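Colleague: I would like a close look at a single part of this model. Please take one strand and its surroundings, and walk me through them.

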Amino acid sequence: MNKPLIALMLGLATANGALAAPATNSTAALEALLACKAGSDFTEAQVDQAFHAAGLTRDPGSVFEPKDKPVALFGGTVASADVSISKPYKSLHVYLKGVDHQRLARSWGVTTVNEAAETEAPSYLKKVDARHTLHVGAADDYEGYSASVTCLIEG
């Protein structure tokens with residue numbers, strides 16, 4: 001890749017308030033699923049594949065966790081992740097360590113306070129379209145993570 005193109009890409013990332021380093025191939029699929037774009041969808045098999053590609057392994061309790069090395073995502077590391085698919089909802093959750101949830105929410109334009117969230121600090125949500133809602137949650141360090149990201153698909 002040539003230097004001017006790299007400089008342009010880095011400039012765009014900085015101007016857009018990117019929090020994390022560019023996605024590696026191992027986390028790109030997971031980040032795309034978590035983006036919760038309008039019209040997007042996922043199956044449990046797709047999520048399992050994205051988790052495994054990122055370096056997360058399913059524990060007996062159906063929660064995915066990093067096993068061999070930390071998994072970097074959105075400027076922090078993954079504490080755990082899970083997926084739930086039951087009609088009429090599908091949800092994909094990632095719990096992160098070392099991430100400022102408010103900064104992450106602002107970078108994605110997720111600014112509506114989630115009044116139903118039972119968190120000490122405000123948690124946020126963004127209704128992407130009639131079916132998709134992106135949540136950025138707050139947590140306390142004693143819970144083992146500092147932020148959570150959830151893509152919820154209804155219907």
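Modeller: Two strands pair if DSSP finds at least two bridges between them. Keep that cut-off in mind for what follows. The model is predicted.

Take strand β5, residues 89-97. Antiparallel to β5 runs β9, and 8 bridges join the two. One of the facing pairs is Val94 with Val149, the latter in β9. Strand β4, residues 76-86, is also antiparallel to β5, with 9 bridges between them. There, Thr77 stands opposite Lys97 of β5. The link from β4 to β5 is a hairpin, with 2 residues between the strands. So β5 pairs with β4, and β5 pairs with β9 as well.

How many of the 9 residues of β5 are buried? The count is 7, so the strand is mostly covered, with buried meaning under 20% relative accessible area. As a general point, side chains in a regular strand alternate between the two faces of the sheet.

Now follow β9, residues 147-154. This strand carries one end of a disulfide: Cys151 sits in β9. The partner is Cys36, and the two sulfur atoms are 2.3 Å apart. The structure holds 1 disulfide. The torsion about the S-S bond of Cys36 and Cys151 is about 70°, so the disulfide is right-handed. The bond links distant parts of the chain, 115 residues apart. Cys36 lies in the loop between α2 (25-34) and α3 (44-54). Both ends are covered: Cys36 is buried, and Cys151 is buried too.

β9 also helps to line a pocket. The second largest pocket takes at least two lining residues from β9, and at least two from β8 (132-138). β8 gives the largest share of that lining, 4 residues. In total, 13 residues line the second largest pocket. Which of them lie nearest its centre? They are Ser123, His135, Gly137, Ser148 and Thr150. The space in this pocket comes to about 160 Å³. Rolling a probe the size of a water molecule over the atoms shows where such empty space is left.

What is the lining of the second largest pocket like by class? It has 7 polar and 6 nonpolar residues. Charged residues are absent from this lining.

To put the pieces together: β5 is bridged to β4 and to β9. β9 in turn holds Cys151 of the disulfide and supplies part of the lining of the second largest pocket.

Technical notes:
Residues are numbered from 1 along each chain as its sequence is written. This is a predicted model: local features need pLDDT of at least 70, side-chain atom pairs count only at pLDDT 80 or more; totals for chains, interfaces and linings use all residues. Side-chain values use heavy atoms; hydrogens and water are left out. On a 1 Å grid over the protein atoms alone, a cavity is a set of points where a 1.4 Å probe fits but cannot get out, and a pocket is an open set with protein on both sides within 12 Å along at least five of seven lines; lining residues have an atom within 4 Å of a point. Grid points are joined across faces, edges and corners, and a volume is the space filled by probe spheres set on the points. Ala, Val, Leu, Ile, Met, Phe, Trp, Tyr, Cys and Pro count as nonpolar, Asp, Glu, Lys and Arg as charged, and the others, Gly among them, as polar. Buried means under 20% relative accessible area, exposed over 50%, partly exposed in between (1.4 Å probe, protein chains only). A disulfide is a pair of cysteine sulfur atoms within 2.5 Å.
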